[in-house]
Every structure is written in structure tokens, then in C-alpha cells.
Amino acid sequence: FGMLRRNDPEMAQVLLDELERTRGGLQLIASENFTSPAVLAALGSALTNKYAEGYPGHRYHGGCEVVDRAEALAVERAKLLFGAEHVNVQPYSGTTANLAAYAALLRPGDTVLAMALSHGGHLTHGSRSNFSGRWFDVVSYGVRRDTELLDYDEVRDLALRYRPKMIICGAAAYPRLIDFAAFRGIADEVGAWLLADMAHTIGLMAGGVIPSAVPYADVVTFTTHKSLRGPRGGGILCTSEVAARIDRAVFPFTQGGPLMHAIAAKAVMFGEALRPEFAGYCAKMIANCRALADTLAEEGMRPVTDGTDTHLALVDLRGLGVSGAEAERRCAAAGITLDRSVIPYDPEPPTVTSGLRLGTPCVTTQGMEPSDLVEVGRLVARAVREPRAAGEIGERVAALSAAHQAYPCRR
Ligand code: PLP
């Protein structure tokens, strides 16, 4: 860092300010985490310099024998962690992992059945503003109005009616477990591929605290930077049957040279997730999220589905008469970073929304316990209800955060 400070003080200050921002507040964005110093070291390494188009042992450049070891380690560790037949660790992000899955299994114009964005799905599950909605014929399923849970009867009915080539399960904002066996059964009934997009819950799957999609899905896509606590990036697990197609779809079809520094960092992350402590971390993420959701419920912020089985909770703010956008702003003023979120059957547009999405990956990495999350829930509720008390709430938020630092302080 001393070198960066001498070379480019302006950018060094940006890095310090970002560290300071996260240190001074509470990070409750469900898709973020604090990766380990070992992962950061791999990311900041000379492996970023190496071109390595292709796969270990079959590259289109010379001098790849060392970086081959990094990728081989990442693949070997991921296979062990997830019990997958095949792994591709090259996707630059969850979006490019999904793009490769579509490219491997479908042709433009094919029909896909996926969860609606407005009910918790992702842009890559058929939004018109994304390749998925533009190049494929996407039919959407949602959650039931009464229970806010996935409606497997509706999924089956739609599958029988539209005969999709691929069914996607997985979401960006669904707090409950997904019945992979039910999805597999429906996919088999109509002869569709099953893609499980585990971008959010892959860490929980790695920790063994939620059921794995691997035995059921043909392809499992994921991100590495959320609950898995690694570098920003993506990955794919799949059966041997589709392995060659997936690899070709990643490179050369949708990507160029792999980011070898990021792949090294993914290998470090898989190594960390293989340690027994990681299961404890995952169990704590869920316990913390339940404590947070229960507290918010007591404070009049109803958790969608009345709770959570994962690291994230969605809350319905309509009881407080505050929009998601306004609540996000009020929390930010008190040093609490979280996302506004549409909730199922939301009467407001996505820029406004009636809900918030909160998650516990960051605060759990910081060492917080369920009792801390009770306090966090009260602080969130007070920040939403009493915008004038933002300064006072912010002081307590800063103190709580200071007592649980993700990174050692070195200025
Ligand atoms: N799929 C789901 C379900 C997600 O939640 C996300 C990200 O939030 C993605 C895919 C895309 O990941 P990325 O932002 O790395 O492209």
C-alpha cells in the first residue's frame, strides 16, 4: 500500500476512504461480504499479468505452467467441496456464468421457465433489459400471494403448457429453501434442462447448512463474492454429460482470457470453505439473519414469508408507511447500508419499492452474534421510523461496527 500511496496518492485515498466507509457503518447488503486478507493477497498478485486462454494443459499461450497450478487447485478444491462431477472456475461473474449456461444448453429463441424478477428472480432470468429476455422466450413463475412461497403447482402447470428447454431455479431475493427435487421432477416430466442459479446461497451449500442443488441440477451457476466470501467472480458446477459444452461456452464462446489472479483467489476461498470453521460461519449467518428478521417483525417490519431459512431477509414496509427507497436513504443517513427491494406483488415500481432486503454475510464475518443482530434490527427500525435521530443512531452503529472489525486497522 505504501507503494500505491507514493505512486498514486489520489487512488490510495479512494481505497482508504472505502475501508473507512465500511469500518464506520453496518453493511447489511445481502450480496456482499468481507473476503479474507489471504484472498485479497491473491487478487493483488502478479498472476493478473498472465494470459492463459484455454484450460490447464491446453492453453493458447506459452508460460502457463505456473498459472495452470492455480486453476487446477481451484477446480480440485471446488470438486471436493461440492461433490460435483465437473467445475469451471473461469466465469468473470454470476452473469457470465449464466450466459455460458444458456449458451451451452440452448439456442436463441428457445423457451426458458424462470422466476420473475418482480418476485425475487434475477435480471439473467429473463429480464427484457438483459440478454436472457432479449434472446430467449422466457416464461416466468412467481410465489403465491397468500404464503409468498414458491408455487410448485404453478411451475409444473407452466412447464406442461410451454414445454421449456430449460428451467431455472434460484433467486436474488427469496428467503426460503428451494425444493430442488421438485424442480428436477418437473424438468424430467417435460424433458428440460435444470439450471440452479445458486449465486446467493452457494456459501450455505458449501457449508452444508442448506441442501445441495448438485445432485438434482444439470448445471449449477454461482457467484464467489457473496455467501462464499471470495473474490468478485463466478463459477459453474455441472454433470460430466454437459462438461465439454459448458467449457466451450465459457471459453471461447462468451469470455476471453481468464482472470488468473481471481482464479487463484477463488482457490484460496475454496480452501477456506473446506475448513470445518466455514460450516460454523454459515450456520451463524442463518442464526443471525433469523434474529434480525424476528426483531424487525417485532418492530412492525413484516418479514416476507414471516421469516428466513437463509442469510437474507426481505421486509415489507407497508405497515410503517415508508417506501423502500426512503427507508434505504434513512438507514444510509444513520450509517446502515442496505438495499431497497421489491416484495412479491409490490404496488410500487422498482425505483421506489415497498421493501428492504437485508443480509448477514458481512456482519457474521465481523464476528457478530444473534444478540448483536437484535440490536442491529432495533437500530434499523429506529433509523427507518425516526429520521431526525440519524446522528444519534449513527453513533451507536459506528460503535457496534468498531467493536467488530473485519480487517485489522493499519494506516
Ligand atoms: N444470479 C443471481 C440469483 C444473483 O443474485 C446475481 C447477483 O446478484 C447474479 C446471478 C449475477 O451475479 P453478478 O453480479 O456477479 O453478475
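At which residue does UniProt place the feature "modified residue: N6-(pyridoxal phosphate)lysine"? The unreviewed entry puts that feature at Lys226, with the caution that positions follow the numbering used here, feature names are shortened and annotations may be inferred rather than shown by experiment. Residues are numbered from 1 along each chain as its sequence is written. The model is predicted, and local features need pLDDT of at least 70, side-chain atom pairs count only at pLDDT 80 or more, while totals for chains, interfaces and linings use all residues.

Before selecting anything, colour the chain by pLDDT, the predictor's confidence in each residue on a scale from 0 to 100; the mean for the chain is 97, and 99% of its residues reach 70 or more. For the complex, the predictor gives an ipTM of 0.99 and a pTM of 0.97.

Select Lys226 next, in the loop between strand S9 (219-223) and strand S10 (234-238), where strands (E, at least two residues) and helices (H or I, at least four) are DSSP runs numbered from the N terminus. Lys226 counts as buried because 27 other C-beta atoms lie within 10 Å, the cut-offs being 20 or more for buried, 12 or fewer for exposed and partly exposed in between, with C-beta atoms placed from the backbone. Leaving aside neighbours within four places in sequence, its contacts (C-beta atoms within 7 Å) are Ser31, Asn33, Ala199, His200, Gly203 and Pro361.

Stay in this loop between S9 and S10 for Arg229, whose phi near 65° is a positive value in a residue other than glycine; Arg229 is also buried, with 25 other C-beta atoms within 10 Å.

Now show the ligand and the 15 residues that surround it, of which the closest are Ser93, Gly94, Thr95, Ala172 and Ala199, a residue being counted if its C-beta atom, placed from the backbone, lies within 6 Å. Helix H5 (residues 94-105) supplies the largest share of this shell, 3 residues.

For the interior, select Ile336, which together with Ala100 and Ile167 touches the most other members of the largest nonpolar core, a set of 126 residues; such a core joins buried Ala, Val, Leu, Ile, Met, Phe, Trp, Tyr and Cys residues through C-beta atoms within 7 Å. Beyond four places in sequence, the contacts of Ile336 include Gly25, Leu26, Cys331 and Val397.

Finish at Pro252 in helix H10 (residues 240-254), where the peptide bond from Phe251 to Pro252 is cis, with omega near 10°.

Key
Contact = placed C-beta atoms within 7 Å.
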